[in-house]
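Student: Please pick one buried position in this structure and look at it closely. Then work outwards from there to the elements around it.

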Amino acid sequence: MKRLHVHVSVDNLDRSIEFYSGLFGTEPSVTEPDYAKWMLDDPKVNFAISHKAGASRGIEHLGIQVESPDELQEVYGRLNSADRPILEEGATTCCYARSEKSWIADPQGVVWEAFLTNGEATVYGD
């Protein structure tokens, strides 16, 4: 089963956690000093926010999160057929999780990631 992933960069993490918790009707499943994530089932979305000094605000990237290596290979095949440059990141730590991922940008520059999370991490990223 695949899940849409949306990551938004915010100015005020606490205020945004309060807003999105109200909007989604639930508290985040992960909360860190610079990051929060809701794993929603209705709609099926991994929605994350973060605050990083100097980063632009708004949609940071979109993605497709998969639940198995076979699904990841299926999505990787779709990335290849999109005929755009692909950044194959491979095994990495990001967003307090260990994942396998690749990145692609659409013709307008909107960045998408395809990833399989296979564990938690104690840091935001490598």
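Tutor: N46 has a relative accessibility of 3%, so it counts as buried, the cut-off being under 20%. The model is a predicted one, and the values that follow are computed from it.

N46 belongs to strand β4. That strand is mostly covered, with six of its seven residues buried. The side chain of N46 is in polar contact with the side chain of Q65, at 2.9 Å. Leaving aside residues up to four places away in sequence, N46 touches R3, L4, H5, V6, K37, W38, M39, Q65 and F115.

Several of these contacts can be placed by strand. Strand β1 covers residues 3–9, and strand β3 covers residues 35–41. β5 runs over residues 58–66, while β8 spans 111–120.

The pairing around β4 comes next. β1 and β4 run parallel and are joined by six bridges; S9 has S50 of β4 as its bridge partner. On β3, the pairing with β4 is antiparallel, over seven bridges, and here the partner of Y35 in β4 is again S50. Two residues form the link of the hairpin between β3 and β4.

β1 in turn pairs with β5, in the antiparallel sense and over seven bridges. V6, one of the residues that N46 touches, has L62 of β5 as its bridge partner.

These strands are part of an open sheet of eight with mixed pairing, in the order β2-β3-β4-β1-β5-β8-β7-β6. Its edges are β2 and β6, each of which pairs on one side only. On average, and with direction ignored, neighbouring strands are turned by 20 degrees against each other. Towards the β6 edge, β6 and β7 run antiparallel with eight bridges between them, and C94 stands opposite A97 of β7. Two residues lie between these strands in their hairpin, where C95 has a positive phi near 60 degrees.

The helices complete the picture. α1 lies across β2, β3 and β4, at about 10 degrees to β3. Helix α2, residues 69–81, packs on the sheet and touches β5, β6, β7 and β8, its direction making about 165 degrees with that of β8.

Twelve residues, 13–24, make up α1; at 1.5 Å a residue they should span 16 Å, and the end C-alpha atoms are indeed 16 Å apart. The buried residues of this helix include L13, S16, I17, Y20 and S21. Viewed down the axis of α1, the buried residues fall within an arc of 130 degrees, so they line one face. An α-helix has 3.6 residues a turn, so residues three or four places apart point the same way. The buried residues of α1 pack against β2, β3 and β4, and β4 is the strand that holds N46. D14, R15, E18, F19, G22 and L23 are exposed, on the face of α1 turned away from its buried side.

Both ends of α1 have a local feature. At its start, a side-chain oxygen of N12 comes to within 3.2 Å of the backbone nitrogen of D14. Just after the helix, G25 has a positive phi of about 75 degrees.

How values were computed. Residues numbered from 1 in each chain as written. Predicted model: local features only at pLDDT ≥ 70, side-chain atom pairs only at ≥ 80, totals over all residues. Heavy atoms only, no water. Helix = DSSP H or I, 4+ residues; strand = E, 2+ residues; numbered from the N terminus. Expected span 1.5 Å × (residues − 1). Buried < 20%, exposed > 50% of the residue type's maximum accessible area, 1.4 Å probe, protein only. Arc of directions from axis to C-beta. Contact = heavy atoms within 4.5 Å. Polar contact = N/O pair within 3.5 Å; in protein donor to acceptor, adjacent residues only side chain to side chain. Pairing = 2+ DSSP bridges. Axes fitted to C-alpha atoms, helices over the stretch in contact; angles between N-to-C directions.
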